[in-house]
Amino acid sequence: QQGLRPRVEGGHVAIADAVQAQFGEPFRLLNAMRRRRNKLEYPQNPDDVAIDDDTAAEAVAYAERTVAAAEQLLPNLTIWRP
């Protein structure tokens, strides 16, 4: 919505940092969640794909809270125009 787009390797970190800096606590774990997803999607070793039920449940709950926070923000943000 604000026109932020990752352009180079590592750009997703900058986007996650910007979102957390602008919008605070609801987005605090966004970058950690992104890193964990990457480990699960692109494992370097067999331990990278192991996740227990409690950790998965916490991740789902965090994702739901993050989506709800984003839904509350969207009506207050204007569309970015260069």
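Start by colouring the chain by confidence: helix α1 (residues 11–23) has the lowest confidence, at a mean of 85, while α3 has the highest, at 92. This is a predicted model, so that colouring is a sensible first view. Across the chain the average pLDDT is 85, and 95% of the residues score at least 70.

**Stop 1: Asp17 and Asn31**

Stay with the low end of that scale and select Asp17, which sits in helix α1. Is Asp17 buried or exposed, or somewhere in between? Its relative accessibility is 42%, so Asp17 counts as partly exposed. For a sense of distance, draw a line from the C-alpha of Asp17 to that of Ala70: the two residues are 53 apart along the chain, and the line spans 15 Å.

Now add Asn31, a residue of helix α2. Beyond its neighbours within four places in sequence, Asn31 is in contact with Val13, Ala16 and Asp17, so show those three alongside it. Asn31 counts as buried because its relative accessibility is 12%, below the 20% cut-off. Which side chain makes a polar contact with the side chain of Asn31? Select Arg34: the two side chains come to 2.8 Å.

**Stop 2: Leu29 and the second largest pocket**

Step back to Leu29, in the loop between α1 and α2. With 31% relative accessibility, Leu29 is classed as partly exposed. Its C-alpha lies 25 Å from that of Ile79, a residue 50 places away along the chain.

Leu29 also leads to the next selection, as one of the residues lining the second largest pocket. Select the rest of the lining too: Ala32, Met33, Arg36, Arg37, Leu40, Ile51, Thr55, Glu58, Ala59, Tyr62 and Arg65. Which elements give two or more residues to this lining? They are α2 (30–41) and α3 (53–73). Switch to colouring by residue type and the lining divides into seven nonpolar, one polar and four charged residues. The volume of this pocket is about 220 Å³.

**Stop 3: Thr66**

Move on to helix α3, and select Thr66 there. What does Thr66 touch, once residues up to four places away in sequence are set aside? Show Pro26 and Phe27, and you have its partners. Thr66 has a relative accessible area of 10%, and is therefore buried.

**Stop 4: Asn45**

Finish in the loop between α2 and α3, where you will find Asn45. At 34% relative accessibility, Asn45 counts as partly exposed. For a last distance, pick the C-alpha atoms of Asn45 and Ala61: these residues are 16 apart in sequence and 27 Å apart in space.

Note on methods. Residues numbered from 1 in each chain as written. Predicted model: local features only at pLDDT ≥ 70, side-chain atom pairs only at ≥ 80, totals over all residues. Heavy atoms only, no water. 1 Å grid on protein atoms, 1.4 Å probe; cavity = no way out; pocket = protein on both sides within 12 Å on 5 of 7 lines; lining within 4 Å. Points joined across faces, edges and corners; volume = space filled by probe spheres on them. Helix = DSSP H or I, 4+ residues; strand = E, 2+ residues; numbered from the N terminus. Nonpolar A, V, L, I, M, F, W, Y, C, P; charged D, E, K, R; others polar. Buried < 20%, exposed > 50% of the residue type's maximum accessible area, 1.4 Å probe, protein only. Polar contact = N/O pair within 3.5 Å; in protein donor to acceptor, adjacent residues only side chain to side chain. Contact = heavy atoms within 4.5 Å. pLDDT = per-residue confidence, 0-100.
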